[in-house]
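Please study the sequence and the three-dimensional structure shown below. The exercises after it are to be attempted before the solutions are read.

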Amino acid sequence: MSTPDPLADWTRGEHSHDGTTHPVYRRGSGPGVIVVHEIPGMTPEVIAFADEVVAAGFTVVLPHLFGTPGKPVGVPYALDTLRRVCVSREFTTLATGVTTPIAGWLRSLARELHEELGGPGVGALGMCFTGGFALAMMVDTSVAAPVLAQPSAPFPVGPRRSRDVNPSPEDLAVVKERAAAGCQVLGLRYRQDPAVGRRFETLTRELGEAFLKVEFEGRKHSTLTLHRQQEGVDRVLAFFEDKLRT
C-alpha cells in the first residue's frame with residue numbers, strides 16, 4: 001500500500017526574489033502565515049502542524065528551502081540535509097551577528113502575501129535551524145506575528161554562538177524598535193534543550209516584555225512537531241488569532 005501524500009491538498013507554486021526561486025506550498029483562507037520548516041525538511045510532522053494552522057482559519061504558505069517535501073525524518077536523511085545546508089550560501093550555520101542570506105527572500109514572500117491578503121500583517125514561524133529566521137523577517141513591517149520555535153542557529157558551538165539570535169546588529173536594532181512599538185515575539189522551547197543554548201536569555205534582554213516565552217520541562221527539542229506539546233500549538237494559534245485578525 002502506498003503512503004498517502006501529506007501535501008495532496010496543498011497547491012504548489014514558486015516565489016522569486018533577487019534572482020532566487022524556491023517552491024512554495026499553499027493552503028487555506030484567512031490571514032497569512034508563513035511556516036518555515038526545520039531540518040531535515042518539510043516532514044509529515046511539519047505539514048501536520050501547518051494543517052492545524054489552516055484548520056484554525058489561516059492561509060498558510062510553506063516555503064520549501066531544503067530536503068524532500070513529505071519525506072519522513074530519518075538519521076541518514078537528517079545528516080545528508082545538514083551537510084547540504086552547511087555548504088549552502090543561502091544560510092549561516094556558525095557565523096555570529098550575521099542575518100541569514102535567505103531572510104531577504106522570506107521578507108519578500110511575506111510582503112507579497114500581505115499585499116494580497118491585507119490585514120495587520122502576516123505571521124512568520126521558524127523552527128529549529130530556521131527559528132531565528134522569523135526574527136530576521138520581523139525587520140519587514142509586513143510581519144506582525146513572529147514565532148520562534150526552539151531557535152537553534154547559529155549552531156551553539158561555544159558561548160558566543162549559544163547567545164546569538166541570528167540577525168545582524170543593524171537588523172536587531174530594527175527588531176528592537178518594532179518590539180518597543182508593540183510588535184511582540186513568541187518563543188517556544190524545552191528548558192534543557194541544548195540546541196537553543198542561551199538565546200532565550202538574549203531575547204529577554206534585548207526585547208524585554210515584548211518577548212513572550214512558552215517553556216516546557218525536559219531536554220526534548222521540537223515543540224510543535226516530533227515532541228509536540230498541545231499547549232505550545234494552542235499558544236501559537238492564539239498568538240496568530242490575536243495579532244492577525246482585524
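The exercises that follow treat aromatic rings, charges over rings, a helix pair, single residues and backbone features.

This is a predicted model, in which local features need pLDDT of at least 70 and side-chain atom pairs count only at pLDDT 80 or more, while totals for chains, interfaces and linings use all residues. Residues are numbered from 1 along each chain as its sequence is written, and side-chain values use heavy atoms, with hydrogens and water left out.

**Exercise 1. Classify the aromatic pair of Phe66 and Phe129, and state which parts of the chain the pair ties together.**

Solution.
Step 1. A pair of aromatic rings is described by the distance of the centres and the angle of the planes. Rings of Phe, Tyr and Trp (its six-membered ring) pair if their centres lie within 6.5 Å; planes under 30 degrees apart count as stacked, over 60 as edge-to-face and the rest as tilted. The structure holds 10 such aromatic pairs.
Step 2. For Phe66 and Phe129 the ring centres are 6.2 Å apart and the planes stand at 65 degrees, so the pair is edge-to-face.
Step 3. Phe66 belongs to the loop between β4 (59-63) and α2 (75-87), and Phe129 to the loop between β5 (122-127) and α4 (133-137), so the pair ties together parts that are 63 residues apart in sequence. Helices (H or I, at least four residues) and strands (E, at least two) are DSSP runs, numbered from the N terminus.
Step 4. Both Phe66 and Phe129 are buried. Buried means under 20% relative accessible area, exposed over 50%, and partly exposed in between (1.4 Å probe, protein chains only).
Step 5. Ring pairs link Phe66 and Phe129 with Phe91, Phe133 and Phe155 into a cluster.

**Exercise 2. Classify the aromatic pair of Tyr190 and Phe216, and decide whether Tyr190 is buried or exposed.**

Solution.
Step 1. The rings of Tyr190 and Phe216 lie 5.8 Å apart, centre to centre, with 50 degrees between the planes, and this pair is tilted.
Step 2. Tyr190 is in strand β7 (residues 185-190) and Phe216 in strand β8 (residues 211-216), so that the pair links distant parts of the chain, 26 residues apart.
Step 3. Tyr190 has a relative accessible area of 2% and is therefore buried. Phe216, at 6%, is buried.

**Exercise 3. Over which rings do the charged ends of Lys71 and Arg245 sit?**

Solution.
Step 1. A charge sits over a ring if NZ of Lys or CZ of Arg is within 6 Å of the ring centre and within 35 degrees of the ring normal.
Step 2. The charged end of Lys71 sits over the ring of Tyr77, at 4.4 Å from its centre.
Step 3. For Arg245 the ring is that of Phe58, with a distance of 4.6 Å from the ring centre to the charged end.

**Exercise 4. Describe how helices α1 and α8 cross, and name the residues that meet.**

Solution.
Step 1. Two packed helices are described by the angle between their axes and the distance between the axes. Axes are lines fitted to C-alpha atoms, for helices over the stretch in contact, and angles run from 0 to 180 degrees between N-to-C directions.
Step 2. The axes of α1 (residues 44-55) and α8 (residues 230-244) come within 11 Å and cross at roughly 45 degrees.
Step 3. This angle makes α1 oblique to α8. Angles under 35 degrees count as roughly parallel, over 145 as roughly antiparallel, 65 to 115 as roughly perpendicular and the rest as oblique.
Step 4. From α1, Phe49, Glu52 and Val53 meet Val233, Val236, Leu237 and Phe240 of α8. Contact means heavy atoms within 4.5 Å.

**Exercise 5. Where is Val35, and which residues does Val35 touch?**

Solution.
Step 1. Val35 is placed in strand β3 (residues 32-36).
Step 2. The relative accessibility of Val35 is 1%, so Val35 counts as buried.
Step 3. Not counting residues up to four places away in sequence, Val35 touches Phe49, Val60, Val61, Leu62, Pro63, Leu125 and Met127.

**Exercise 6. Locate the cis peptide bond between Ile39 and Pro40, and describe the phi of Asp18.**

Solution.
Step 1. The bond from Ile39 to Pro40 is cis, with omega near 15 degrees, and Pro40 is found in the loop between β3 and α1.
Step 2. Asp18 is not a glycine, yet has a positive phi of about 50 degrees. Asp18 lies in the loop between β1 and β2 (20-27).
Step 3. With a relative accessible area of 72%, Asp18 is exposed.
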